[in-house]
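Visitor: I should like to go through this model with you. May I ask about a few residues and then about the interior?

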Amino acid sequence: MRAEKAATSPLPEHPWPENPVFLPQLAELIRAGDCCGLWDGKSDARILGGYVVTKEQRRTIPIIGEPDARVLRRLDMFYKAVSTAIGRRTDVIATPLTELSDEGFGRVVLIAGRLVAVSRALRDVHRFGFDSLQAVDEAGAALVEEGVRMIEAHPDVVNAA
């Protein structure tokens, strides 16, 4: 019943940004994990709709207790898409590692060889989301650029045995 309800309740379709850099990578990764065809026939904007959380929605999300499994999956997919995009640009595998407390605080690092290519503190993961798809695209693209710059600046650390 729960899966049926999730499949039939449509996510809102938010405006798609002009010339997105990161969003196609994120949508591609989500579609790749869709083994049941749940996202077939749906636009990328609809698939990524869960990443948009308005300020009003954030205020209503309680931060007591463990973060929702759907939020954790979105967080995981976001950083996996960042690491995949870094890998495509540099030919270096970047692996995301996330450590979270039950209260939704922690850290995510993207490791490339022996280099920490990206490191971010996580707070209030219960409320993970962005104001718009444009904001998702900008945040993801900025993290990709940061990781690529670190890898290019420190190839000796990346390739250290």
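Visitor: Where is Asn19 placed?

Guide: This is a predicted model. In it, Asn19 lies in the loop between helix H1 (2-8) and helix H2 (23-32).

Visitor: What is the phi of Asn19?

Guide: Phi of Asn19 is positive, at about 55°, although the residue is not a glycine.

Visitor: Is Asn19 buried or exposed?

Guide: Asn19 is exposed, because its relative accessible area is 63% and exposed means over 50%.

Visitor: Which place does Asp124 have?

Guide: Asp124 sits in the loop between strand S3 (115-122) and helix H6 (133-153). Its phi is also positive, near 50°, and Asp124 is a residue other than glycine.

Visitor: Why is Asp124 called partly exposed?

Guide: The relative accessible area of Asp124 is 29%, so the residue falls between the 20% limit for buried and the 50% limit for exposed.

Visitor: Now the interior. How many residues has the largest nonpolar core?

Guide: That core has 39 residues, and Leu26, Leu48, Tyr51 and Phe78 have the most contacts inside it.

Visitor: Which elements give two or more residues to this core?

Guide: They are H2, helix H3 (44-47), helix H5 (69-90), strand S2 (106-112), S3 and H6. The most comes from H5, which gives nine residues.

Visitor: What does Leu26 touch?

Guide: Leaving aside residues up to four places away in sequence, Leu26 touches Leu48, Tyr51, Met77, Phe78, Ala81 and Val136.

Methods. Residues are numbered from 1 along each chain as its sequence is written. This is a predicted model: local features need pLDDT of at least 70, side-chain atom pairs count only at pLDDT 80 or more; totals for chains, interfaces and linings use all residues. Side-chain values use heavy atoms; hydrogens and water are left out. Helices (H or I, at least four residues) and strands (E, at least two) are DSSP runs, numbered from the N terminus. Buried means under 20% relative accessible area, exposed over 50%, partly exposed in between (1.4 Å probe, protein chains only). A nonpolar core is a set of buried Ala, Val, Leu, Ile, Met, Phe, Trp, Tyr and Cys residues joined through side-chain atoms within 4.5 Å. Contact means heavy atoms within 4.5 Å.
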